[in-house]
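Q: Please take a close look at one part of this model and describe how it is placed in its surroundings. A connected account is preferred to a list.

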Amino acid sequence: MSQKRTYPSGEEKQKRKKVEEEKMQPEKGSAANAMADKLLLIDTDCGIDDAQAIMMALAAPRVRMLGITCCFGNASVDDVCQNVCRVLSVCERTEIPVFRGAATPLVGNPDCPISHFGTDGLGDVLEERDPELWKKQIQSEHAVNAMIRLVSENKGKVSLVAIGPLTNLALAVRLDPSFPQKLKDLFIMGGNMEGKGNRTVCGEFNFVMDPESAYIVLEEFLCPTYIASWEFTCRHKLSWDFFDEWISQDTEAARFMKKITSKCWAYSRDVVTSKDAIFGPGFVSYDSYAVAAAIDGSVVTKSAECAVRVELQGALCRGMMALDLCNKLKKQHRVFVMKECDLSKFRQLLTAALRLPRKT
Ligand SMILES: [Ca+2]
């Protein structure tokens, strides 16, 4: 039987965390501190909640973002690249390299465009959607090559946070089978734990967009893996009152967020969705839960440790993540499926996300 465990679990993990904390230097910006920073690589299909998640990582102290790799999903991969550049520009962090990755899933064509966050992924409200303007900010190196290089250069130190379809990750393990071993850990927003879907009856968006990649990642990434499923995020929604206050802060990031959510139906309180019907109404920053878990392990207070597998067949269940609670699959590798979250800590991290750019 699977066990529900406190997160983070195990004496060894606590010890590792302590050693890591001791290594951290109080003075920000020094070379020594840069060595002790938490190294993050974010793989994204930048829609509005990705923007929120990226800002959370940018606002977190002692986090060094090695790069942002882009994948199709909430929008085409070109729009995704532009969206990431816009977010970095608002936060005055354009020194962070952005890489263009997969434009399609491994099998079939992408089921795009997606209108959840507007056709451009950021609410269809931004002017100057000129690809040429942003093109020069995109690195020429492919996202998958960059991912492998950055992780190989920092072996055992990088936390990879995947908040889009998992195509780039699947390609990375095909190009370099030792890639997962070189990661410190992997955080995923995606999949489901109760068979409830948002994109299909049983499937969550990121996994349904490329089920084969999700399958490969959950079978072959044997590093410590933490999953924020769709139901987990919905069960930890925040109030619309929080949202209103959050986007009303007097900062560039908050003004940007207010703008991109202004005409988006996903942020309309009057729209009743299936999510509202199941979990009640509220604001859910889906991808931010994976980033929060990566930057502060104490945010997630309970998780189930079990084997998981993605269903690739079926009329209703293709793309669904199944939890093997009875160990029927006899898989050695188990992942941590997040169950409970310290909402107060999460709220603090999210609040800080819109206090950007940082005042120096
Ligand atoms: Ca996303």
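A: The account below starts with one strand and then turns to its surroundings.

The model is predicted. The protein has 360 residues, of which 48% count as buried, and it contains 16 helices and 11 strands. Among contacts with a separation of 6 or more, 83% join residues 24 or more positions apart.

The part chosen is strand β6, residues 158-162. It is mostly covered, with 5 of its 5 residues buried. In a regular strand, side chains alternate between the two faces of the sheet. In β6, Val158, Leu160 and Ala162 are on one side, and Ser159 and Val161 are on the other. Both faces are covered, since the residues on either side are all buried.

β6 pairs with two strands. One is β2, residues 38-44, which runs parallel to β6 over 5 bridges. In that pairing, Ala162 of β6 is the bridge partner of Asp43. The other is β7, residues 185-189, also paired with β6 in the parallel sense, over 4 bridges. Here Ser159 stands opposite Asp185 of β7.

One contact of β6 can be followed outward from Val161. This residue is touched by Ala290, whose other contacts include Ala53, Ile163 and Ala228. Ala290 also touches Phe187, Ile188 and Met189, positions that fall within the residue range of β7. The list leaves out residues up to four places away from Ala290 in sequence.

Ala290 is also one of the residues that touch the most other members of the largest nonpolar core, a set of 114 residues. Met55, Ala57, Cys70 and Ala293 are named alongside Ala290 in this respect. Helix α3, residues 48-59, gives this core its largest share, 9 residues. Both Met55 and Ala57 have numbers within the range of α3, as does Ala53, one of the contacts of Ala290.

In sequence, β6 lies between two helices that meet each other, α6 (residues 143-153) and α7 (167-175). Their axes come within 9 Å and cross at roughly 65 degrees, and the crossing is right-handed. On the α6 side the contact is made by Ala143, Val144, Met147 and Ile148, and on the α7 side by Asn168, Leu171, Ala172 and Leu175. These residues divide into 7 nonpolar, 1 polar and no charged.

Helix α7 takes part in a further packing arrangement. The buried residues of α10 pack against α7, and also against α9 (205-209) and β9 (300-310). Helix α10 spans residues 211-220, and 7 of its 10 residues are buried, so it is largely enclosed by the rest of the structure. Those residues are Pro211, Ser213, Ala214, Tyr215, Ile216, Val217 and Leu218.

Two loop residues serve as a contrast to the covered strand. Glu92 is in the loop between α4 (77-90) and β4 (98-100) and has a positive phi of about 55 degrees although it is not a glycine. It counts as partly exposed because it has 14 C-beta neighbours inside 10 Å. Lys330, in the loop between β10 (321-324) and β11 (335-341), also has a positive phi, near 55 degrees, and is likewise not a glycine. Lys330 is exposed, since 7 other C-beta atoms lie within 10 Å.

To return to the strand: β6 is buried at 5 of its 5 positions, and it is paired in parallel with β2 and with β7.

Note on methods:
Residues are numbered from 1 along each chain as its sequence is written. This is a predicted model: local features need pLDDT of at least 70, side-chain atom pairs count only at pLDDT 80 or more; totals for chains, interfaces and linings use all residues. A residue is buried if 20 or more other C-beta atoms lie within 10 Å of its own, exposed if 12 or fewer, and partly exposed in between; C-beta atoms are placed from the backbone. Two residues are in contact if their C-beta atoms, placed from the backbone, lie within 7 Å. Axes are lines fitted to C-alpha atoms, for helices over the stretch in contact, and angles run from 0 to 180 degrees between N-to-C directions. A crossing is left-handed if the near helix is turned anticlockwise from the far one by less than a right angle, and right-handed if clockwise. Ala, Val, Leu, Ile, Met, Phe, Trp, Tyr, Cys and Pro count as nonpolar, Asp, Glu, Lys and Arg as charged, and the others, Gly among them, as polar. A nonpolar core is a set of buried Ala, Val, Leu, Ile, Met, Phe, Trp, Tyr and Cys residues joined through C-beta atoms within 7 Å. Two strands pair if DSSP finds at least two bridges between them.
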